[in-house]
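Please read the following walk through one protein chain with its structure open beside the text. The account moves from the chain as a whole to its sheet, its helices and a pocket.

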Amino acid sequence: MMSDTSEVRNNQAEGQYELEIDGQLAIAAYERRDGALVFTHTQVPEALEGQGVGSRLIRAALRDVRDQGLKIIPLCEFVAAYFERHPEDQDLLALDSPG
C-alpha cells in the first residue's frame, strides 16, 4: 500500500529519516535546532525515483515532527516543494521571518 509510512525510521544518530525499499535507502537529512528540525537535503536512490518514495519519506517525517511538537525549516528544495503541494501541513513551518 503506497500510503504506508510506518517503515520510515528516524535515525537520530545520523540525523536523518530513512526509508528502505528493496535494499535501497532513501534519506531526509536534518539538523536539530531550538524546537525545529532544519531539513538540509533529501536523497532518493535512482532505482526508486518516480515512485513517490520521497513524498512518503517526507510525509512520515512530518508526522513524527508533529508528534514531537516541533517545527520545520525546509532548506531542502524537495521538502519546500512538498509544503507547496500540501498546504494542510504548512502549520509545521517555523516562521522565523515575516513574509
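In the protein chain, 42% of the contacts with a separation of 6 or more are between residues 24 or more positions apart. The model behind this value is predicted. Of the chain's 99 residues, 39% count as buried, a class that takes in residues under 20% relative accessible area.

Two helices and five strands make up the secondary structure of the protein chain. Read from the N terminus, the elements follow the order β-β-β-β-α-β-α.

How are the strands ordered in the sheet? The five strands form an open sheet in the order β1-β2-β3-β4-β5, and their pairing is mixed. β1, at residues 9-11, and β5 are the edge strands, each pairing on one side only. On average, neighbouring strands of this sheet are turned by 30 degrees against each other, with direction ignored.

At the β1 edge, the pairing can be followed down to single residues. β1 and β2, the latter covering residues 16-21, run antiparallel and are joined by three bridges. Asn11 has Gln16 of β2 as its bridge partner.

The helices come next. Helix α1, residues 53-68, lies across β1, β2, β3 (24-33), β4 (36-43) and β5. The helix runs at about 140 degrees to β2. α2 also packs on the sheet, where it touches β4 and β5. The direction of α2 makes about 120 degrees with that of β5.

The last stop is the largest pocket. A probe the size of a water molecule, rolled over the atoms, shows where empty space is left. For the largest pocket, the volume comes to about 160 Å³.

Which residues line the largest pocket? The lining consists of Ile73, Pro74, Ala80, Phe83, Glu84, Gln90, Leu93, Ala94 and Leu95. Two elements, β5 (71-74) and α2 (77-85), each supply at least two residues of this lining. The largest share comes from α2, with three residues. Sorted by class, the lining of the largest pocket has seven nonpolar residues, one polar residue and one charged residue. Glu84 is the charged one, because Glu counts as charged. Gln90 is the polar one, because Gln falls among the residues that count as polar.

The pocket thus brings the reader back to elements already met: α2, which touches β4 and β5, and β5, which is an edge strand of the sheet.

Notes. Residues numbered from 1 in each chain as written. Predicted model: local features only at pLDDT ≥ 70, side-chain atom pairs only at ≥ 80, totals over all residues. Heavy atoms only, no water. 1 Å grid on protein atoms, 1.4 Å probe; cavity = no way out; pocket = protein on both sides within 12 Å on 5 of 7 lines; lining within 4 Å. Points joined across faces, edges and corners; volume = space filled by probe spheres on them. Helix = DSSP H or I, 4+ residues; strand = E, 2+ residues; numbered from the N terminus. Pairing = 2+ DSSP bridges. Axes fitted to C-alpha atoms, helices over the stretch in contact; angles between N-to-C directions. Contact = heavy atoms within 4.5 Å. Buried < 20%, exposed > 50% of the residue type's maximum accessible area, 1.4 Å probe, protein only.
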